[in-house]
Structure formats: C-alpha cells, structure tokens
Amino acid sequence: MDPILDRCSIRHFKDRKLTEEEIQALLRAGFSAPSARNLQPWVFVVIEDPIKIQNLRSFSPYAGPLESAPLAILVCADQHVNPSLDYCQQDCAAATENILIQAKAMGLGSCWLGGYPNSERIDKIREWVGLPEWLMPLWVIAIGQPDEKEIIKNKWNDQKIIRL
C-alpha cells in the first residue's frame, strides 16, 4: 500500500534521463490496467527528447512540470478500438494511475496533466504530435527523479463514506 498512500504530484525533476528498463517498467504497469470488455484502448506516446517535451508544455497553462521532466508519456485512446470513447477515459485513467503508482514504487516522481475534454488542449497536442484522427489525446504524465520535497497528504475523509 505504501506506493499508493505515499504517491503525490511532483512538479520539479532532476536532470537525469530514465533508463530503458525504467521506461519499460512504467509501460508494463500501464498495460496491466483493467479495461472494459478487455479492449485495452490505450496508446502510450513516449517522449524523451527534451526539445519535444518543452514544445508540449504549451498545451496547457498547467503543464509546468514538463519544464524539467526528462520523460513525458502522452496517453491516447485508440478510437479504432472504441469509436465512441465510452469507457476509454476510465480505461486510460486506470492505466495512468498504474503508471503513477509504479513510478512512486521505483522512487520516481510524476504529475498527471489533464487535457481531455478541453478541445483547445486536445487540438494543441494533436497538432504538435501529429496524431492521426483515430487517436484521441487524453492527457500527459510528466515523470522523473524528484527534485523537491514530497508532501504526503492523508486524504482519508470520513465525511465521504456512506455505509448502508
């Protein structure tokens, strides 16, 4: 439970590239997520080039963590698998959470940067990356070695529990 309970958003990263083994472990976690009807609609665009990561920063005013991130993973929904996008968000969110937890378990930091359903952000990502129409860009994950003090929050809230 520790990687789940201790995971927090990291917005500043050290200047250290991730190894291929680290990237593979993160992707393996994403591919291990549950999905509706086991359709696995996710496509992960792995971005390691610092200039490309910096260019991607412009997709959102909240994409500051990409400033120092050595790795960005763009999570997309494959509309060939599910044209209506129903459940794709949930499926891709499960894959994203797996990646975030795996990053924490590996001593890495991460930050989930929202895009979908903001059409302006989606258009910027699509244009910059050159995605085909059948791939819907959902969000970006910034990942790297943390370069800030982690602030772990106890998010337990009795007021949000209803027992029947």
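This report walks through the inside of a predicted model, from its nonpolar cores and aromatic pairs to its pockets, its cavity and two buried residues.

## The nonpolar cores

A good place to start is the interior. In soluble globular proteins, nonpolar side chains tend to be buried together. In this model the largest nonpolar core holds 25 residues, and the members that touch the most others are Leu26, Phe44, Ile73 and Ile143. Several parts of the chain contribute: helices α2 (20-31) and α4 (88-105), together with strands β1 (42-47), β2 (71-78) and β4 (135-144), each give this core at least two residues. Helix α4 provides the largest share, with 6 residues.

Phe44 is a handy residue to click on if you want to see how this core is put together. Beyond its neighbours within four places in sequence, Phe44 is in contact with Leu27, Gly30, Phe31, Ile73, Leu74, Val75, Ala95 and Ile99. There is also a second core, separate from the one above, with 21 residues; Leu56, Ala63, Ala72 and Cys111 are among them.

## Two aromatic pairs

Next come the aromatic rings, which form 2 pairs in this model. One pair joins Phe31 and Phe44: the ring centres are 5.1 Å apart and the planes stand at 80°, so the arrangement is edge-to-face. This pair connects distant parts of the chain, with Phe31 in helix α2 and Phe44 in strand β1, 13 residues apart. The two partners sit in unlike surroundings. Phe31 has 48% relative accessibility and counts as partly exposed, whereas Phe44 is buried, at 13% relative accessible area.

The other pair is made by Trp112 and Trp139, and it is tilted, with 5.2 Å from centre to centre and 55° between the planes. Here too, distant parts of the chain are linked: Trp112 belongs to strand β3 (residues 109-114) and Trp139 to strand β4, 27 residues apart. Trp112 is partly exposed, with a relative accessibility of 33%, while Trp139 is buried at 7% relative accessible area.

## Pockets

Rolling a probe the size of a water molecule over the atoms shows where empty space is left. The largest pocket in this model contains about 380 Å³ of space. Its lining is made up of 15 residues, and those closest to the pocket centre are Leu5, Arg7, Cys8, Lys153 and Lys155. Sorted by class, this lining has 8 charged, 5 nonpolar and 2 polar residues.

The second largest pocket has a volume of about 160 Å³. Of the 13 residues lining this second pocket, Asp15, Pro50, Ser68, Ala69 and Pro70 lie nearest its centre. The lining here divides into 6 charged, 5 nonpolar and 2 polar residues.

## A closed cavity

How many cavities of 30 Å³ or more does the model have? The count is 1, and the volume of the largest cavity is about 30 Å³. Around this cavity you will find Arg7, Cys8, Ile10, Leu100, Lys104, Leu108, Gly109, Ser110 and Glu150. Helix α4 and strand β3 are the elements that give two or more residues to this lining. By class, the cavity lining has 4 nonpolar, 3 charged and 2 polar residues.

Arg7 and Cys8 are worth a second look. Both are among the residues closest to the centre of the largest pocket, and both also help to line the largest cavity.

## Two buried residues to visit

Met136 is found in strand β4. Is Met136 buried or exposed? With a relative accessible area of 14%, Met136 is buried. Leaving out residues up to four places away in sequence, Met136 touches Val75, Cys76, Ala77, Gln79, Leu85, Tyr116, Ile122 and Arg126. For a sense of scale, Met136 and Asp6 are 130 residues apart in sequence, and their C-alpha atoms are 31 Å apart in space.

Thr96 lies in helix α4. Its relative accessible area is 0%, so Thr96 counts as buried. Not counting residues up to four places away in sequence, Thr96 touches Val75, Trp112, Trp139 and Ile141. That list brings back a familiar couple: Trp112 and Trp139 are the partners of the tilted aromatic pair. Val75 is a shared neighbour as well, touched by Thr96 and also by Met136.

Key:
Residues numbered from 1 in each chain as written. Predicted model: local features only at pLDDT ≥ 70, side-chain atom pairs only at ≥ 80, totals over all residues. Heavy atoms only, no water. Core = buried A, V, L, I, M, F, W, Y, C linked by side-chain atoms within 4.5 Å. Buried < 20%, exposed > 50% of the residue type's maximum accessible area, 1.4 Å probe, protein only. Helix = DSSP H or I, 4+ residues; strand = E, 2+ residues; numbered from the N terminus. Contact = heavy atoms within 4.5 Å. Phe/Tyr/Trp six-rings, centres within 6.5 Å; stacked < 30°, edge-to-face > 60°. 1 Å grid on protein atoms, 1.4 Å probe; cavity = no way out; pocket = protein on both sides within 12 Å on 5 of 7 lines; lining within 4 Å. Points joined across faces, edges and corners; volume = space filled by probe spheres on them. Nonpolar A, V, L, I, M, F, W, Y, C, P; charged D, E, K, R; others polar.
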